[in-house]
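This report describes the strand and sheet arrangement of one protein chain. The structure is shown first, and the description follows.

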Amino acid sequence: MFTLLSIQYFLYLLLSKTAETADPNLPFMEYLDNEHSVCIKWGFDIMQGNITIKFIVNTTGWIGFGLSHTGDMTGADLVMGGVGPAGNYFKDYYSTENTYPIVDQQQSYTLLSLNESEGETHMTFSRDLQTCDEQDIPILDQSIYVIYAYGLTDEIGFHLNLVGGKQLNLLNFGSRTNEVDGDDLNATMSQFYMYRDSHLSYLEMLTQRCNHTGNAATKCTSWIWNQASVLLVFFWIALY
C-alpha cells in the first residue's frame, strides 16, 4: 500500500512539473552544460520575425546569455540580468574582448519576464532575428555558439568556472521539448517549418535593408563633408 501511494505521489509531482513547463510557444529546448544546470527554451513569432528565448539557470545570482562566432567573449552579443535586492535588472551588452562587456547603446533585447523559483533564475526575452545593430549578431540558418555565464550573487563580476556554451542552429534544430500537448505542438511545428523554409529570403531582405541604411548614412555623411569643403574653399577665396 505504501509503495503504491509513493508511486502515485511521484507521478503527481512529475505531471505537475510537466504542466508547469509546458509552453507551445517555446517548443525547442537544449541544455548548455553537462550537469543540466543551464537550459534554454525558444520559439518564433512568425508574423513579427523575432525569437523568444527562456533562459533558466540553477542559481539565484546574476545570469548571462550570449551569441558568439568563436565560443568566447570576443565579439559576443550578450544580455545579463537577475533578481536583486532592489528588484529586477536586465541589459543588452556586447564584448570586444575577454573583459567586462560594454552596455549596447541600442537595447535590442526586450525583457518579457524575470523571476526566481526553487533556486533557479528564469529570464525570458525576445529580439529581432536581424536587428540592424552592428553590436548584435544576426540569427541565421547556421550554427552559432550559444554561450552563458553566471554568478552565485547579484554582483556581476568574474565568473570562475561558471561559464560555457554549445554550438546550435537555432533556426534549424532537430530536438524539441516533449511536454507540449500534441495538437499545440503540431500546430507550432507546422508554423515553424513553414517559417524556416521562407526565412532565408526574409533575412536577406532585412540584411539588404540594413546594408542600404548603412550605405545611405555613409553617402549622406560623405555628401555633407563634400559640401562643407566646398563652402570652406569659397569663404577662403572670398576673404583673400
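In this predicted model, an open sheet of 6 strands is ordered β7-β6-β5-β4-β10-β11, and its pairing is antiparallel. Its edges are formed by β7 (102-103) and β11 (163-168), each of which pairs on one side only.

At the β7 edge, strand β6 (residues 87-94) is joined to β7 by 2 bridges, and the two run antiparallel. Here Tyr93 lies opposite Val103 of β7.

Toward the other edge, β10 pairs with two strands of the order, β4 and β11. Strand β4 (residues 63-68) and β10 are antiparallel and share 6 bridges; Ile63 has Tyr150 in β10 as its bridge partner. The pairing of β10 with β11 is also antiparallel, over 6 bridges, with Ala149 opposite Val163 in β11. Strand β10 (residues 144-150) is largely enclosed by the rest of the structure, because 6 of its 7 residues are buried. Buried here means under 20% relative accessible area.

A second sheet is described next. This open sheet has 5 strands in the order β1-β2-β3-β9-β8, again with antiparallel pairing. The edge strands are β1 (28-31) and β8 (110-117), and each pairs on one side only. From one strand to the next, the twist averages 15 degrees. At the β8 edge, 7 bridges link β8 with strand β9 (residues 120-128) in the antiparallel sense. One of the residues involved is Thr110, whose bridge partner in β9 is Ser126.

The strand pairs with bridge counts are listed below.

| Strand pair | Sense | Bridges |
|---|---|---|
| β6 and β7 | antiparallel | 2 bridges |
| β4 and β10 | antiparallel | 6 bridges |
| β10 and β11 | antiparallel | 6 bridges |
| β8 and β9 | antiparallel | 7 bridges |

Strands of a sheet are held in pairs by hydrogen bonds of the backbone, in a parallel or an antiparallel sense.

For the chain as a whole, the count is 2 helices and 11 strands. Along the sequence the pattern reads α-β-β-β-β-β-β-β-β-β-β-β-α, with a helix before the run of strands and another after it. Of the 240 residues in the protein chain, 37% are buried. Among contacts between residues at least 6 apart in sequence, 55% join residues at least 24 apart. The protein chain exposes about 14,500 Å², of which carbon and sulfur atoms supply 56%.

Conventions. Residues numbered from 1 in each chain as written. Predicted model: local features only at pLDDT ≥ 70, side-chain atom pairs only at ≥ 80, totals over all residues. Heavy atoms only, no water. Pairing = 2+ DSSP bridges. Helix = DSSP H or I, 4+ residues; strand = E, 2+ residues; numbered from the N terminus. Buried < 20%, exposed > 50% of the residue type's maximum accessible area, 1.4 Å probe, protein only. Axes fitted to C-alpha atoms, helices over the stretch in contact; angles between N-to-C directions. Contact = heavy atoms within 4.5 Å. Areas by Shrake-Rupley, 256 points an atom, 1.4 Å probe, with all protein chains shown as cover.
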